[in-house]
Amino acid sequence: MEDSIFTKIIKGEIPCRRVYEDEQTFAFMDIHPVQHGHVLVVSKRQVANFYELEDGEYQALMATVKKIALRLESIFPEKKKIAAVIEGLEVDHVHVKLYPIDSGEELRNVPDMNQEPDHDALAKLAHQIATL
């Protein structure tokens, strides 16, 4: 399998705003967020579907998802929920998208992929999340 963009990010071949890393998982800011605070949590082992992960890998992924969700909740206390969506559609590498939201409608926001990311804002938020 060819390395996904997420595998390249994990290997340091593509820059990112990392918020967390352990032996089995990696979390970083989405550069085209659906909502402010959008974080991606990925398994370090590249698989297309979450059910292809070994039990320990799946548990590690979900433990990281919970850890980052709790950090997001403390940073965005005004939001009703921290949504978690398991995906692997645009990138063939299982990942969980975390979003601070007030409604399901906010999950359907479509970011402008042609807009230059606000790297300063992403760096500031990544630092907040990483240091909690």
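Helix α3 (residues 119-130) lies across β1, β2 and β3, and it runs at about 30° to β1. This is a predicted model, and a good way into it is the sheet beneath that description. Five strands make up an open sheet in the order β1-β2-β3-β5-β4, with antiparallel pairing. A second helix, α2 (residues 55-75), lies across β1, β2, β3, β4 and β5, running at about 165° to β3.

**The sheet as a whole**

- Strands of a sheet pair through backbone hydrogen bonds, either parallel or antiparallel.
- Here the pairing is antiparallel, and the edge strands are β1 (18-21) and β4 (81-87), each of which pairs on one side only.
- From one strand to the next, the twist averages 20°.

**Strand β3 and its neighbours**

- Strand β3 covers residues 39-43, and five of its five residues are buried, so the strand is largely enclosed by the rest of the structure.
- In a regular strand the side chains alternate between the two faces of the sheet.
- In β3 both faces are covered: V39, V41 and S43 on one side are buried, and so are L40 and V42 on the other.
- On the β2 side, five bridges join β3 to β2 (residues 25-29), and the two strands run antiparallel.
- Two residue pairings show how β2 and β3 line up: F28 has L40 as its bridge partner, while A27 stands opposite V41.
- Strand β5 (residues 95-101) is joined to β3 by four bridges, again in an antiparallel arrangement.
- Within that pairing, V39 stands opposite L98 of β5.

**Aromatic rings**

- A pair of aromatic rings is described by the distance of the centres and the angle of the planes.
- Searching the whole structure gives four aromatic pairs.
- One of them is F26 with F28: the ring centres are 5.9 Å apart and the planes meet at 55°, so this pair is tilted.
- Both of these rings are tucked away: F26 is buried at 4% relative accessible area, and F28 is buried at 3% relative accessibility.
- Another pair, F50 and Y51, is edge-to-face, with 5.5 Å from centre to centre and 75° between the planes.
- F50 is partly exposed at 34% relative accessibility, whereas Y51 is exposed at 57%.
- F26 and F28 also belong to a wider group, since together with F6 they form one aromatic cluster.

How values were computed: Residues numbered from 1 in each chain as written. Predicted model: local features only at pLDDT ≥ 70, side-chain atom pairs only at ≥ 80, totals over all residues. Heavy atoms only, no water. Buried < 20%, exposed > 50% of the residue type's maximum accessible area, 1.4 Å probe, protein only. Pairing = 2+ DSSP bridges. Phe/Tyr/Trp six-rings, centres within 6.5 Å; stacked < 30°, edge-to-face > 60°. Axes fitted to C-alpha atoms, helices over the stretch in contact; angles between N-to-C directions. Contact = heavy atoms within 4.5 Å.
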